Amino acid sequence: MRRRWREYRTEMGNRPVKAFIAELEPEEMAEIAAEMSEVAKEGLSAARHLRGEISARFIQLAEERLADWRARGAARKDDASKP
């Protein structure tokens with residue numbers, strides 16, 4: 001099963017991941033694109049090995065953004081189920 005990437009947006013509509021990638025060198029962008037393609041094909045097991053290559057600061061930020069994204073999604077789902 002091939003997975004797809006969803007673009008992260010903050011509550012204010014900013015796209016910090018896209019902005020971060022846009023500031024990289026072309027070689028770094030290509031490396032990220034290759035890794036994202038691998039994760040899309042192979043799933044979470046392919047993503048786990050990247051954790052050791054990413055600084056702790058970026059991992060913490062990513063986890064905070066994921067928690068924010070999930071909370072906003074759950075709130076939206078709750079709002080949609082209310083009569």
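Looked up Glu25 to begin with. In this predicted model, Glu25 has a relative accessible area of 48%. I logged Glu25 as partly exposed, because exposed would need over 50% and buried under 20%. I then checked where Glu25 sits, and found Glu25 in the loop between α1 (16–22) and α2.

Next I asked which residues gather with Glu25 in a patch of negative charge. They are Glu27, Glu28 and Glu31, and the patch lies on the surface.

Went on to α2, which runs over residues 26–42. I count 17 residues there, as the model has it. From first C-alpha to last, α2 reaches 24 Å, and that is close to the 24 Å expected at 1.5 Å a residue. What comes after α2? I found Gly43, with a positive phi near 90 degrees.

Then a look at α1, where I picked out Phe20. Is Phe20 buried or partly exposed? The relative accessibility of Phe20 comes to 39%, so I put Phe20 down as partly exposed. I also noted a nonpolar surface patch here: Phe20 makes it together with Phe58 and Leu61, and its area is about 230 Å².

Last, the whole chain. I find four helices and zero strands, and along the sequence the pattern reads α-α-α-α. How much of the chain is buried? Of the 83 residues, 12% are buried. Under 20% relative accessible area is what I took as buried, so neither Glu25 at 48% nor Phe20 at 39% belongs to that group.

How values were computed: Residues are numbered from 1 along each chain as its sequence is written. This is a predicted model: local features need pLDDT of at least 70, side-chain atom pairs count only at pLDDT 80 or more; totals for chains, interfaces and linings use all residues. Side-chain values use heavy atoms; hydrogens and water are left out. Helices (H or I, at least four residues) and strands (E, at least two) are DSSP runs, numbered from the N terminus. The expected span of a helix is 1.5 Å times one less than its number of residues. Patches are made of residues with over 30% relative accessible area and no salt bridge: like charges are joined within 9 Å, nonpolar side chains (Val, Leu, Ile, Met, Phe, Trp, Tyr) within 5 Å. Accessible areas come from the Shrake-Rupley method with a 1.4 Å probe; for residues, only the protein chains shown count as cover. A salt bridge is a side-chain nitrogen of Lys or Arg within 4 Å of a carboxyl oxygen of Asp or Glu. Lys and Arg count as positive and Asp and Glu as negative; His and the chain ends are not counted. The place of a charge is taken as NZ of Lys, CZ of Arg, CG of Asp or CD of Glu. Buried means under 20% relative accessible area, exposed over 50%, partly exposed in between (1.4 Å probe, protein chains only).
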